[in-house]
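Here is a short briefing for the bench. Keep the sequence and the model open while you read.

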Amino acid sequence: MKPRSRLWSVLLELALIAAAAVESLTTLEWATPWESGLAIAAAVGLIFRRRWPWLSLLLAVPAFTLNLATLAGLASLFSVAVRERRRWRLVTTGAVVFVLAAVPWWGWTSPNYTILSIVYAALYAAAPIAFGLLVRTRRELFDRIRDLEQIRRSERARIASDVLVEERTRIAREMHDVVSHQVSLIAVQAGAIQVQTEEPGTKRMAVTIRSLASRTLDELRDMVTLLRAETGHAPLAPQPTVDDLDRLIADSGIAVTSAIELPDGLPAPVQRAIYRTVQEGLTNARKHAPGAAVDVRAEASADEVTVVIRNARPARASDSSWSSAGHGLVGLSERAELLNGSLLTEDAPTRFTLTFRAPY
C-alpha cells in the first residue's frame, strides 16, 4: 500500500472509532450503566476489527441487539464479511444478526413496529455483508489484474528473448556465409603462394597469412557458436592469455619493440583484456601507420597493470582499402570499464599512444 493510501486508511479508521465512541457515550444520558458499558465495549472492539474481526463482532453484538451501538455493529459485521471466506459462516452470522436485531427483547408493541423491525434487521444483516463481499471481490480482482500484468511482463520478456535468439541466429548465419567464405579464400590463396613461390621472404609471409587466417576462422567459429546458443552460454575454445603475446607480436608482420614484464596468476579477464589491447594496438598501427615503429610495454605494480602501445607517424601513406568504424577501441573501452580500469588514447603530432590500465 502506498504511504498516502495508508495514511488515509489510518485516518478513516480513527474517524470510525471516534464516531462509535461518541455514539456509545450518548447512551450515558438515557441507558442503564450496564447498557452503556456494552455500548462502550462495542466501540472499543472496533480497535481489533482488522486483525480479529470475530472478536470485534462478539463485543458489538450485545449492544447492537439492544440498539445501543449501531455503527460498531455494522462496521464489525462488514469486517467479518471482508475477511471470512467460508460462505456458510457468513450466512449463519447474517441469520443470527437478523434474528437478534428483529426480535424486540422488550416486547412487541404494534404490527407496524414489528414490520419495521424486520425490515431494519434485514438491512442491518444484509447490507454490511454485501458491502464486505463487494470490497473483498474488488481486492481479489485487483490482485488478479496485478498477476496478469506480471504474466504480461514475463511474456514480453520471453518474446524479447526469442527475438534476440532469432537475431543472433541471423547474424551467425551471415557471418558464416560471408566472413568465413572470405577468410577461407585468403587462407587458400596464401597456401597457393606458399607452394608456388621460391622466394624465402614471400614464402614466410604466406605461411604467416595462412596461419592468421586459420586462427581467425577458429575464433569466428567460436563466435558463431556463441551467437547461435539460445542461453548465451555456449562452450568456447580456450581464450588467449598474456603467454600468447609473444606469438601475437611475432605474427603481426611489423617491426615491434616489446618489453613485457607481467606477473604470473593474473585474473583471466585481465589477461584477455591485455591481449586484446595489444592486438588492437598492433592492428591500428598496421592499418593507419604502415612502416612505422611500434613499441609495446606491459608492466604491473602492486595492484595495477599498465599496457602502453606507441607507434610513430606513418613512414608511408596508409592503404586506402583499410576502413575503420572505431569499434575496436570502443570494445576495449567497455572491457576496461568492466574491470574498473581505463583506456586512454593520445594522438600527438609525432606519435599515437594507447594506454590501458586495470586493477587486479
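At 46% relative accessibility, Tyr 120 counts as partly exposed, because that value falls between the 20% and 50% cut-offs. The model is predicted. The protein has 10 helices and 5 strands. Of its 360 residues, 32% count as buried.

**Aromatic residues**

- Tyr 120 and Tyr 124 form a stacked aromatic pair. Their ring centres are 6.4 Å apart, with 25 degrees between the planes.
- The pair counts as stacked because planes under 30 degrees apart fall in that class.
- Both tyrosines, Tyr 120 and Tyr 124, lie in helix 6. They are 4 residues apart, about one turn of the helix.
- Tyr 124 is partly exposed, at a relative accessible area of 25%.
- Phe 64 joins Tyr 120 and Tyr 124 in one aromatic cluster.
- The count of aromatic pairs comes to 4.

**The cavity**

- How many cavities of 30 Å³ or more are there? The count comes to 1.
- The largest cavity holds about 40 Å³ of space.
- Which elements give two or more residues to its lining? They are helix 3 (53-65) and helix 4 (70-83).
- Helix 3 supplies the largest share of the lining, 4 residues.
- Lining residues include Leu 57, Ala 60, Val 61 and Phe 64. Gly 73, Leu 77, Val 97 and Tyr 124 are also in the lining.
- By class, the lining has 7 nonpolar residues, 1 polar residue and no charged residues.
- Gly 73 is in the lining, and Gly counts as polar by the classes used here.
- Two members of the aromatic cluster, Phe 64 and Tyr 124, appear in both places: they belong to the cluster and they line the largest cavity.

**Salt bridges in helix 6**

- The structure holds 11 salt bridges. Three of them are described here, among them the bridge between Asp 143 and Arg 146.
- Asp 143 and Arg 146 meet through their side chains at 2.5 Å, N to O.
- Helix 6 spans residues 111-196. Asp 143 and Arg 146 sit 3 residues apart in it, so about one helical turn separates them.
- Is Asp 143 buried or partly exposed? Asp 143 counts as partly exposed, at 34% relative accessibility.
- Arg 158 and Glu 155 also meet in a salt bridge, at 2.5 Å, N to O.
- Arg 158 and Glu 155 are 3 residues apart in helix 6, so they too are separated by about one helical turn.
- Arg 158 is partly exposed at 42% relative accessibility. Glu 155 is partly exposed at 35%.
- Glu 149 forms a salt bridge with Arg 152. The closest N and O atoms are 3.7 Å apart.
- That distance qualifies because the cut-off for a salt bridge is 4 Å.
- Glu 149 and Arg 152 both lie in helix 6, 3 residues apart, about one turn of the helix.
- Glu 149 is partly exposed, with a relative accessible area of 30%.
- Which residues are linked with Glu 149 in a network of salt bridges? They are Arg 152, Arg 153 and Arg 156.

**Two buried residues and their contacts**

- Gln 271 lies in helix 9, residues 268-288.
- Gln 271 has a relative accessible area of 13%, so it counts as buried, under the 20% limit.
- Beyond its neighbours within four places in sequence, Gln 271 is in contact with Pro 240, Thr 241, Val 242 and Leu 266.
- Val 308 lies in strand 3, residues 304-312.
- Val 308 is buried too, with a relative accessible area of 11%.
- Val 308 touches Asp 295, Val 296 and Arg 297, and also Thr 353, Leu 354 and Thr 355, not counting residues up to four places away in sequence.
- How far apart are the C-alpha atoms of Val 308 and Val 296? They are separated by 5.9 Å, although the residues are 12 apart along the chain.

**Contacts across the chain**

- Take the contacts between residues at least 6 apart in sequence. Of these, 65% join residues at least 24 apart.

Conventions
Residues numbered from 1 in each chain as written. Predicted model: local features only at pLDDT ≥ 70, side-chain atom pairs only at ≥ 80, totals over all residues. Heavy atoms only, no water. Buried < 20%, exposed > 50% of the residue type's maximum accessible area, 1.4 Å probe, protein only. Contact = heavy atoms within 4.5 Å. 1 Å grid on protein atoms, 1.4 Å probe; cavity = no way out; pocket = protein on both sides within 12 Å on 5 of 7 lines; lining within 4 Å. Points joined across faces, edges and corners; volume = space filled by probe spheres on them. Phe/Tyr/Trp six-rings, centres within 6.5 Å; stacked < 30°, edge-to-face > 60°.
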